[in-house]
Amino acid sequence: MRYDAVVLAGGRGRRLGGVSKPEVRVAGRPLLDRVLDATGAAARVVLVGPPGLARPGVTTVLEDPPDGGPVAGIDAGVRALAEAAGPRPGHVLVLACDVPRAAEVVPGLLAAVGGAP
């Protein structure tokens, strides 16, 4: 199944004392990189977060308003996908940056969606 992906990596890390959650390391790797691994089969990936989190080959955008929360982040990500060239898959996978085992569950999510419109 073809799909695009939006990864939410905004926020101020207030509950972590200001630490950047996407950069927290789990088993030696940043949370963000673990989640991006889960999007490996996506046609396009948009990262919604500050420019300092940018990764090669991944479109990075900020939500509007900045620090506007997950709904603003999803909106910014979907808008960036809509502006991208090329065919548009019918599905968009949305992941938060703080799901270190996302790669283990994404295949099941995609299988559950199957051919649903």
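1. Reading along the sequence, you get the pattern β-β-β-α-β-β-α-β-α for the protein chain, which adds up to three helices and six strands. Keep in mind that this is a predicted model. Of the 117 residues in the protein chain, 36% are buried. If you take the contacts with a separation of 6 or more, 64% of them join residues 24 or more positions apart. The accessible surface is about 6,700 Å², and carbon and sulfur atoms account for 58% of that.

2. Start with the inside. The largest nonpolar core has 18 residues, and those touching the most other members are Val7, Leu32, Val45, Leu47 and Leu95. At least two residues each come from β1 (4-8), α1, β4, β6 and α3 (102-113). The top contributor is α1, with four residues. There is also a second, separate core of eight residues, among them Val46, Val61, Ala76 and Leu81. As a general point, nonpolar side chains in soluble globular proteins tend to be buried together.

3. Helix α1 deserves its own look. How many of its residues are buried? Seven of the eight are, so to speak, under cover: Leu31, Leu32, Asp33, Arg34, Val35, Leu36 and Ala38. The cover over these buried residues includes β1, β2 (25-26), β3 (29-30), β4, β6 and α3. Leu32 makes a good example: leaving out neighbours within four places in sequence, leucine 32 contacts Val7, Ala9, Pro22, Leu47, Leu53, Arg55 and Cys97.

4. Now the charged pairs. Six salt bridges turn up across the whole structure. One of them joins the side chains of arginine 55 and aspartate 33, at 2.7 Å from N to O. Arginine 55 sits in the loop between β4 and β5 (59-61) while aspartate 33 is in helix α1, so this pair ties together parts 22 residues apart in sequence. Aspartate 33 is also on the list of buried α1 residues.

5. Two other salt bridges are worth a glance. Aspartate 37 pairs with arginine 29, again at 2.7 Å from N to O. Aspartate 37 counts as partly exposed because its relative accessibility is 44%, and arginine 29 is partly exposed as well, at 32%. Then there is arginine 101 with glutamate 104, where the closest N and O atoms are 2.9 Å apart; both of these residues are exposed.

6. Where does arginine 44 lie? Look in the loop between α1 (31-38) and β4 (45-48). Arginine 44 counts as buried because its relative accessible area is 15%, under the 20% cut-off. Not counting residues up to four places away in sequence, arginine 44 touches Tyr3, Asp4, Ala5, Leu81, Ala84, Ala85, Gly86, Pro87, Arg88 and Pro89. With aspartate 4 there is a side-chain to side-chain polar contact of 3.0 Å. The C-alpha atoms of arginine 44 and threonine 59 are 8.3 Å apart, although 15 residues separate the two along the chain.

7. Last, the outside. Which residues make the nonpolar surface patch of about 260 Å²? They are Ile74, Val78, Val92 and Val94. The elements giving two or more residues to this patch are α2 (70-83) and β6 (92-96). Valine 78 belongs to helix α2, and valine 78 counts as partly exposed because its relative accessible area is 39%. Note that β6 also supplies at least two residues to the largest core.

Conventions:
Residues are numbered from 1 along each chain as its sequence is written. This is a predicted model: local features need pLDDT of at least 70, side-chain atom pairs count only at pLDDT 80 or more; totals for chains, interfaces and linings use all residues. Side-chain values use heavy atoms; hydrogens and water are left out. Patches are made of residues with over 30% relative accessible area and no salt bridge: like charges are joined within 9 Å, nonpolar side chains (Val, Leu, Ile, Met, Phe, Trp, Tyr) within 5 Å. Accessible areas come from the Shrake-Rupley method with a 1.4 Å probe; for residues, only the protein chains shown count as cover. A salt bridge is a side-chain nitrogen of Lys or Arg within 4 Å of a carboxyl oxygen of Asp or Glu. Buried means under 20% relative accessible area, exposed over 50%, partly exposed in between (1.4 Å probe, protein chains only). Contact means heavy atoms within 4.5 Å. A polar contact is a pair of N or O atoms within 3.5 Å; within protein, one must be able to donate a hydrogen and the other to accept it, and residues adjacent in sequence count only if both atoms are side-chain atoms. A nonpolar core is a set of buried Ala, Val, Leu, Ile, Met, Phe, Trp, Tyr and Cys residues joined through side-chain atoms within 4.5 Å.
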